[in-house]
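Hi there,

Here is the structure I promised to pass on. Please have a look at it first, and then read my notes below on helix packing and cavities.

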Amino acid sequence: MNLSNRKLLPSLKTKRAQDLVLVIGTGVSAAVAPEVPALKSWKGLIQALLDAANDFDLLEDEENIQFQKALQEDKNLVHVAHDLIQKLSPRTSNVRSSFFKDCLYEVFDDLESKLDDVGKNLLQSVLKLMENGSLVLTTNFDNLVEIYGSHQGMQLESLDLSDEEKVLEWAQEKRKLSVLHIHGVYTNPSGIVLHPLGYQNVLRNTEVMVSFICCTNMPLGTSDKTRSYRRD
């Protein structure tokens, strides 16, 4: 736990659930399903997508070598991911292929069976806070919270920034049983966001920002590098 989080904890004891926005990061998904490498880091996700693309024989040997080299050299991962997705999304007669979707589904296949018992306790706490009025925002592409919610009889909705109307309703607390995926969710590949500007444009909307101004952001499993959603 970093210093900023330690300073935040005492103040959380005085907050009501409905005053909190839970901000779920990679650390939560990695704890809930530790056997899935793609959930542990952005680099791990790109590697998993590369592996899936190679399994489907979608890349030439030289292309694979170039992508692997870029990962090993820790080049700008956002650019690497963008280039890979462009490669997996060729247009044919103005229609994009489903290669990227196929790879995403391969990477996140059968998450339900990979939930860790210890991680379930963490998700149970998240659901309890949601029941009591907390909003939930995540930087993760997976839908582990929604999956576990269905096990507990809660039908949770996955939102991404491609549907601005629903995002605004979420910010207005009209969709409290929804999880906002600010980077997108794998079940809707077209809503995947690769660059901060893609969602910052939506978060500049006054109604969305009010939810952050009026509530306390409670980070769970996030790092400073993943908090570009925050107002500075």
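**Helix packing and cavities**

Helix α7 (residues 117-131) and α8 cross at roughly 80°, and their axes come within 10 Å. That makes α7 roughly perpendicular to α8. Please keep in mind throughout that this is a predicted model.

On the α7 side, the residues that meet α8 are Lys 120, Leu 123, Gln 124, Val 126, Leu 127 and Met 130. Their partners in α8 are Leu 144, Val 145, Tyr 148 and Gly 149. By class, the contact of α7 with α8 has seven nonpolar residues, two polar ones and one charged one.

Next comes α3, which I looked at against two other helices, starting with α6. The axes of α3 and α6 are 9 Å apart, and the two helices pack at an angle of about 115°. Angles of 65 to 115 degrees count as roughly perpendicular, so α3 is roughly perpendicular to α6. The crossing of α3 past α6 is right-handed. From α3, the contact takes in Leu 45, Ala 48, Leu 49, Ala 52 and Ala 53. From α6, it takes in Phe 100, Cys 103, Leu 104, Glu 106 and Val 107. Nine residues of this contact between α3 and α6 are nonpolar, none is polar and one is charged.

How do the axes of α3 and α5 cross? They do so at roughly 20°, coming within 10 Å. Angles under 35 degrees count as roughly parallel, so α3 is roughly parallel to α5. This crossing of α3 and α5 is left-handed. Here α3 brings Trp 42, Lys 43, Ile 46, Leu 49 and Leu 50 to the contact, while α5 brings Leu 77, Val 78, Val 80, Ala 81 and Leu 84. The contact of α3 with α5 has nine nonpolar residues, no polar ones and one charged one. Leu 49 is worth finding in your viewer, since it is part of the α3 contact with α6 and also of the α3 contact with α5.

Now for the cavities. The count comes to two cavities of 30 Å³ or more.

The second largest cavity holds about 50 Å³ of space. Its lining has 11 residues, and Trp 42, Leu 45, Leu 49, Ile 85 and Phe 141 lie nearest its centre. The elements that give two or more residues to this lining are α3 (42-55), α5 (77-87) and α6 (99-107). Of the elements, α3 gives the most, with four residues. What classes of residue make up the lining of the second largest cavity? There are 11 nonpolar residues, with no polar and no charged ones. Leu 49 turns up once more here, among the residues nearest the centre.

The largest cavity holds about 70 Å³ of space. Its lining is made by 13 residues, with Ile 24, Ser 29, Asn 140, Asp 142 and Val 145 nearest the centre. Two or more residues come from each of α2 (26-32), α8 (144-151) and β6 (178-181). By class, this lining has seven nonpolar, four polar and two charged residues. Val 145 links this cavity back to the start of my notes: Val 145 lies near the centre of the largest cavity, being among the residues nearest to it, and is one of the α8 residues that meet α7.

Happy to talk it through whenever suits you.

Best wishes

How values were computed: Residues are numbered from 1 along each chain as its sequence is written. This is a predicted model: local features need pLDDT of at least 70, side-chain atom pairs count only at pLDDT 80 or more; totals for chains, interfaces and linings use all residues. Side-chain values use heavy atoms; hydrogens and water are left out. On a 1 Å grid over the protein atoms alone, a cavity is a set of points where a 1.4 Å probe fits but cannot get out, and a pocket is an open set with protein on both sides within 12 Å along at least five of seven lines; lining residues have an atom within 4 Å of a point. Grid points are joined across faces, edges and corners, and a volume is the space filled by probe spheres set on the points. Ala, Val, Leu, Ile, Met, Phe, Trp, Tyr, Cys and Pro count as nonpolar, Asp, Glu, Lys and Arg as charged, and the others, Gly among them, as polar. Axes are lines fitted to C-alpha atoms, for helices over the stretch in contact, and angles run from 0 to 180 degrees between N-to-C directions. Angles under 35 degrees count as roughly parallel, over 145 as roughly antiparallel, 65 to 115 as roughly perpendicular and the rest as oblique. A crossing is left-handed if the near helix is turned anticlockwise from the far one by less than a right angle, and right-handed if clockwise. Contact means heavy atoms within 4.5 Å.
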